[in-house]
Amino acid sequence: MATILAIESSCDETAVAIVENGKLLADVISSQVEVHAKYGGVMPEIASRLHAENITIVLQEALIKSNKKLEDIDAFAVTRGPGLIGALHVGMQAAKTLAMLYQKPLIPVHHLAGHIYANEYIEKLTYPLLAVVVSGGNSEFVLMKEEMSFEVVGQTRDDAIGECYDKVARVLGLPYPGGVPIDRLAKEGHHTYNLPIPLKGEDTLDLSYSGLKTNVINFVHNLEQKGEKVNVADMCKSFQDVAVGELIKRTIKAVKKYSVKKIVLAGGVSANSYLREQMKLEMSKLNVDVLIPPLWCCTDNAAMIGKVAEKLYDKKVFAPLNIGVDPNWEISNYLHFE
């Protein structure tokens with residue numbers, strides 16, 4: 001039975017969790033959302049500084065909540081990537097320091113693997129499955145034929161869906177992060193604006209959100225130049241129909257292509273109510289089971305890092321103390337630390 005302390009600092013949440021034999025003993029998160037909201041998005045330099053300020057506080061609280069001491073920890077896990085390089089460095093240096101001081105293994109964890117395996121706090125994953133990973137920095141389809149086996153079969157060619165939501169929200173005068181207000185207002189609006197369909201006509205599992213984002217921004221600015229105003233609720237509905245609609249279409253295509261009977265949603269955008277509803281609806285037509293994470297583990301947290309770390313600990317996947325972070329780490333290379 002191993003006790004693992006996990007650290008997550010890839011973006012704007014400083015988090016520490018302690019897991020023991022599959023049980024979550026503590027999961028402490030310090031969010032920076034209010035700080036970055038005034039800028040309409042995450043400011044990397046500010047995020048790094050806040051991580052440095054908060055990491056020891058969050059660490060201490062996790063130890064208190066778990067009733068553990070650092071001497072009780074069998075391994076230290078940390079998000080190595082992907083993410084903001086400065087933010088990742090803070091978590092990595094903390095984990096490396098602890099691993100060195102207490103002479104315990106260091107376990108590097110892929111951030112997206114964490115999001116996928118966060119679902120195991122609900123139920124054990126069964127294979128083969130298709131993970132639909134959607135967040136502010138990532139949008140991809142990951143085929144998993146067995147445990148800890150990741151094959152990216154489709155991904156965004158430009159912007160992630162979460163980033164697109166944030167930029168559209170900003171031009172519409174909505175608060176950051178943009179997913180929640182757009183999702184809420186879309187329920188009040190009607191699909192009245194004709195927005196372009198990304199990669200229309202292409203036979204692909206890839207996604208693209210840059211053009212959709214740019215079209216909305218230009219549309220709103222053109223109206224403003226004419227002295228007119230966009231109907232925000234209607235634009236939210238029109239935008240969300242296209243953004244989520246394309247994700248659903250690609251998911252259906254992937255399910256049929258790879259004959260999977262299990263879909264797992266992962267990442268911050270999996271908290272979107274319309275995506276959840278539509279995914280359940282469309283997959284039920286195909287007799288495909290959908291596993292949707294609870295809202296508490298959709299956003300970044302260290303509990304998900306601890307969940308993956310337990311699997312890596314059993315496999316003795318440990319890293320040397322000269323390991324560095326990798327902001328562009330591919331999930332298919334999660335065992336490579338060069």
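A salt bridge is a side-chain nitrogen of Lys or Arg within 4 Å of a carboxyl oxygen of Asp or Glu, and the legends below apply this cut-off to a predicted model.

**Figure 1. A salt bridge within helix 8 joins Arg250 and Glu246.** The closest N and O atoms of Arg250 and Glu246 are 3.1 Å apart, which is within the 4 Å that defines a salt bridge. Because Arg250 and Glu246 are 4 residues apart in helix 8, about one helical turn separates them. An α-helix has 3.6 residues a turn, so residues three or four places apart point the same way. Both partners are buried, Arg250 with a relative accessibility of 7% and Glu246 with a relative accessible area of 4%.

**Figure 2. Helix 8 (residues 232-258) from its start to the residue that follows it.** For the 27 residues of helix 8, a rise of 1.5 Å a residue predicts a span of 39 Å, and the C-alpha atoms at its ends are indeed 39 Å apart, so the two values agree. Most of helix 8 is covered, since 20 of its 27 residues are buried, that is, under 20% relative accessible area. At the start of the helix, a side-chain oxygen of Asn231 comes to within 3.3 Å of the backbone nitrogen of Ala233. After helix 8 comes Ser259, which has a positive phi, near 50°.

**Figure 3. A salt bridge between Lys68 and Glu20.** In this pair, the closest N and O atoms are 2.8 Å apart. Lys68 belongs to the loop between helix 2 (44-66) and strand 4 (75-81), whereas Glu20 belongs to strand 2 (residues 13-20), so the contact ties together parts that lie 48 residues apart in sequence. Lys68 is partly exposed, with a relative accessible area of 21%, while Glu20, at 17%, is buried.

**Figure 4. A salt bridge within helix 2, and a network elsewhere in the list of ion pairs.** The side chains of Arg49 and Glu45 meet with an N to O distance of 3.0 Å, and both residues lie in helix 2, 4 residues apart, or about one turn of the helix. Arg49 is exposed, with a relative accessible area of 54%. Salt bridges also link Glu120, Lys124, Glu147 and Lys311 in a network. Over the whole structure, the search finds 19 salt bridges.

**Figure 5. The largest nonpolar core and the surroundings of Ile7.** This core has 61 residues, and those with the most contacts inside it are Leu5, Ile7, Ile116 and Phe150. Helix 3 (residues 85-102) gives the most to this core, contributing 7 residues. Leaving aside residues up to four places away in sequence, Ile7 touches Ala15, Val16, Ile55, Ala77, Val78, Thr79, Gly91, Ala94, Ala95, Leu98 and Ile305. Another core, of 49 residues, lies apart from the largest one, and its members include Cys164, Leu212, Val242 and Ile248.

**Figure 6. Thr214 of helix 7 and its distance to Cys164.** Thr214 lies in helix 7 (residues 210-225) and counts as partly exposed, with a relative accessibility of 32%. Although Thr214 and Cys164 are 50 residues apart in sequence, their C-alpha atoms are 9.0 Å apart in space. Cys164 is among the residues of the core of 49 residues shown with Figure 5.

Note on methods. Residues numbered from 1 in each chain as written. Predicted model: local features only at pLDDT ≥ 70, side-chain atom pairs only at ≥ 80, totals over all residues. Heavy atoms only, no water. Core = buried A, V, L, I, M, F, W, Y, C linked by side-chain atoms within 4.5 Å. Buried < 20%, exposed > 50% of the residue type's maximum accessible area, 1.4 Å probe, protein only. Helix = DSSP H or I, 4+ residues; strand = E, 2+ residues; numbered from the N terminus. Contact = heavy atoms within 4.5 Å. Expected span 1.5 Å × (residues − 1). Polar contact = N/O pair within 3.5 Å; in protein donor to acceptor, adjacent residues only side chain to side chain.
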